[in-house]
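Reader: Please take me through this structure label by label. Tell me what each label rests on.

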Amino acid sequence: MIDLLYAVRFLLFLLKHYIPILIFSYRAFDLLPFCNRASKNRMRIRMNLLLLCCFTLVLTAVVAVGPPTCPAEGSGCGDDGWEGEFFPEIPKIKYEGPKSKNHLAFKYYNAEEVILGKKMKDWFRFSVAFWHTFRGTGGDPFGSPTKFWPWEDGTNSVAMAKRRMRANFEFIDKLGVEFWCFHDRDIAPEGKTLEETNKNLDEVVALAKELQGSKIHPLWGTAQLFHHPRYMHGGATSPEVRVYAYAAAQVKKAMEVTHYLGGENYVFWGGREGYQTLLNTDMGRELDHMARFLEAAANYKKKIGFKGTLLIEPKPQEPTKHQYDWDAATTTNFLRKYGLIDEFKLNIECNHATLSGHSCHHDLETARINGLLGNIDANSGDPQTGWDTDQFMTDIAEATMVMLSVIKNGGMAPGGFNFDAKLRRESTDVEDLFIAHVSGMDTMARGLRNAAKLIEDGSLGELVKKRYQSFDSEIGAKIEAGKADFEYLEKKAIEWGEPKVPSGKQELAEMIFQSAL
C-alpha cells in the first residue's frame, strides 16, 4: 500500500513540476546556436539532450518525493492519516542467547522461558518510561540538549504529542514489551487554562487508547506536580490553598485517564513535597495536608471504580533539600500514622534508595516485609556522584539481589519493572534507545537466573536458617509469640550462664552469592 502511494506521489510530482519544464526546453531548443545544423544531427542532439534532461529531472524527483519518512519539520507521520515507521533501521528485538554478538538482540531475556514456575515476562512485566525515552533531551544544568530525534519538530504542540505517541508504540512493539508509564504533562502539552489542558490530554489519550490495542496498557500513570512554577513550594504540601486545589484537580484527571487506558497502578512522586529550610516551614501542618490529599485520592479511586494499586515513590531529596517520603521506612511509618497503610503500596526506585544511604535491596526488603512492595523503578546511580543519574541497571550482582526480593515477594503483579532510566547525555543515536533497554532487560534477566540458582541450590538459605536456629526452640517460640517476659528471660539467662556466640559466616555467604553470578 505504501509503495502504491509512493508511486502516485511520484507521478503527481512529475506532472506538477517537471513536465512543463520539459515542454519549454523542447521548444526553446531551436533558439540555441547549433540548431541551424543539418536536421538529422539536430534531431540526434535534441533527443540526447532531452534524455539527459529527463534522467536528471527524474532523479531529482525521486530525491524530492522520497520514501515515506517522519520529517522533523511540518506535518506527517500520522497527521495525514499515515502512520509511517519511526525506527526503519531497527528490527523487532528477539532472543538469540548468550553467544550472540548482535547488540539488538536479547542474550539472557527470553520472555516465554519458565523460571521457578513463572514465565520471564511475568516475573518482570517490563515497562517503557515515556518521559525519559521520548522527552529526554540530554540537557543538564551545565549544557543544552544533545538529542534531536528525527520525528521532533521543535514544538510542544498537540500534533507533536500525537507523533511522539505513535513513536512510543512502535518502540514498545519492536522491543517486545506490554507496558508503558507516563506523566500527564509529558504526553500532552499544558494549555492556558486547566480546561484547555484537560482537552489536550483527552485528545492525545484517545490516540493512545487506539494505538495500544488490547495487549498493551500502562503499568502506571501519574501527574507531574513538580515542573510548573505553580508547584515551586509543592502541590499537596504547598502553603497556598489554591495550588493545593489545582494539584488535586490535576491528579483527579490523571487518575481518570490512567483508568481509561487500563492502567494497573497509579504513582505519587512528591519531588516538591518537602522543604528547603525549616525556618519558614510548618512541617506538621504540611504532613497533615499531604495525608488528607492522599486520603482524597484513595476515595476518588474507589468512586471511579479504578481497581489499580496506588503507589508512593520514596526519594530523600532532589529537587527539595528534604523530601517527606525520604525512604521506604519513613513512608511506611507515614502511612501507618495516618491510617493509609491499607490504601497504598510503594514504588521503589533503586537510585532513590542509594541517595537515601541504603542499597536498593534494603529498601525492597523494607517494603516487602511490611507487605508494601508494589513496583520497582529499575535504574541505578553512579557511586561517584551525589544525585539522581537515572542510569539503566547494568550491575549483575545488584540485579541478583533485587530479584531475590522479588522472588520472595512472589512476583510484582500488578506492579512490574519500569525503566525509569535515560540515555547518557553523550548517547545520541536513535538505536541507543533500544540498546539501553536491551541491556537493562538482559541485566535483570541475568539477575533472575542467578537468584533462581541460589534458591535451587539452597546453600545460602540454609546458612541464614542455621544462623537463627536457636530461636527454633521452645523459648524462641515463646519470644516470637510475645509470651516471654523479662522475669522469665532473666531466669533463663542465669540458668544458661555466659552465652556462646557463633560466627556470622559473612564471607561464606558472600562466596556462595558470588558463585552464582
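Author: Start with Pro 319, which sits in the loop between β10 (309-312) and β11. Keep in mind that this is a predicted model, where local features need pLDDT of at least 70, side-chain atom pairs count only at pLDDT 80 or more, and totals for chains, interfaces and linings use all residues. Residues are numbered from 1 along each chain as its sequence is written, and side-chain values use heavy atoms, with hydrogens and water left out.

Reader: What kind of peptide bond joins Glu 318 and Pro 319?

Author: A cis bond, with omega at about 15°. A second cis bond runs from Ala 413 to Pro 414, where omega is near 5°. Pro 414 lies in the loop between α14 and β14 (417-419).

Reader: What makes a stretch a helix or a strand here, and how many of each are in the protein?

Author: Both are DSSP runs, numbered from the N terminus: H or I over at least four residues for a helix, E over at least two for a strand. The protein has 19 helices and 14 strands.

Reader: Why is Glu 318 called partly exposed?

Author: Its relative accessible area is 30%. Buried means under 20%, exposed means over 50%, and partly exposed is in between (1.4 Å probe, protein chains only). So Glu 318 counts as partly exposed. Glu 318 lies in the loop between β10 and β11. Its phi is near 75°, a positive value in a residue other than glycine.

Reader: Is Asp 390 buried or exposed, and how do you know?

Author: Its relative accessible area is 7%, so Asp 390 is buried. Asp 390 lies in the loop between β13 and α14. Phi is positive there too, near 50°, and again the residue is not glycine.

Reader: Why does Gly 339 count as exposed?

Author: Gly 339 has 57% relative accessibility and therefore counts as exposed. Its place is the loop between α11 (328-337) and β12 (344-349). The C-alpha atoms of Gly 339 and Glu 295 are 9.0 Å apart, with their positions 44 residues apart along the chain.

Reader: Why is Tyr 324 called buried?

Author: At 7% relative accessibility, Tyr 324 counts as buried. Tyr 324 is in the loop between β11 (322-323) and α11. Leaving out residues up to four places away in sequence, it touches several others, among them Thr 237, Tyr 275, Met 283, Leu 287 and Thr 330. Touching, or contact, means heavy atoms within 4.5 Å.

Reader: Which residues of helix α13 are buried?

Author: In α13 (residues 360-369) they are Cys 360, Asp 363, Leu 364, Glu 365, Thr 366 and Ala 367. They pack against α11, β12, α12 (350-355), β13 (373-377) and α14 (396-408). Just after α13, Gly 371 takes a positive phi of about 70°. Across the protein, buried residues make up 46% of the 517 residues.

Reader: Why is α6 called roughly parallel to α8?

Author: Helix α6 (residues 158-175) and helix α8 (residues 194-212) pack at about 25°, with axes 10 Å apart. That angle makes α6 roughly parallel to α8. The cut-offs are under 35 degrees for roughly parallel, over 145 for roughly antiparallel, and 65 to 115 for roughly perpendicular, with the rest oblique. Axes are lines fitted to C-alpha atoms, for helices over the stretch in contact, and angles run from 0 to 180 degrees between N-to-C directions.

Reader: Which residues make that contact?

Author: They include Val 158, Met 165 and Phe 169 of α6, and Val 204, Leu 207 and Leu 211 of α8. The contact divides into 8 nonpolar, 2 polar and 3 charged residues. Ala, Val, Leu, Ile, Met, Phe, Trp, Tyr, Cys and Pro count as nonpolar, Asp, Glu, Lys and Arg as charged, and the others, Gly among them, as polar.

Reader: What makes α8 roughly parallel to helix α9?

Author: The axes of α8 and α9 (residues 241-260) cross at roughly 15° and come within 11 Å. The two helices are therefore roughly parallel. Leu 201 and Val 205 are among the α8 residues that meet α9, where Tyr 246 and Val 257 are among the partners. By class, this contact has 7 nonpolar, 1 polar and 3 charged residues.

Reader: How do you know whether the span of helix α15 fits what is expected?

Author: The expected span is 1.5 Å times one less than the number of residues. Helix α15 (residues 430-457) has 28 residues and reaches 42 Å from its first C-alpha to its last, close to the expected 40 Å. Just after α15, Gly 458 takes a positive phi of about 85°.
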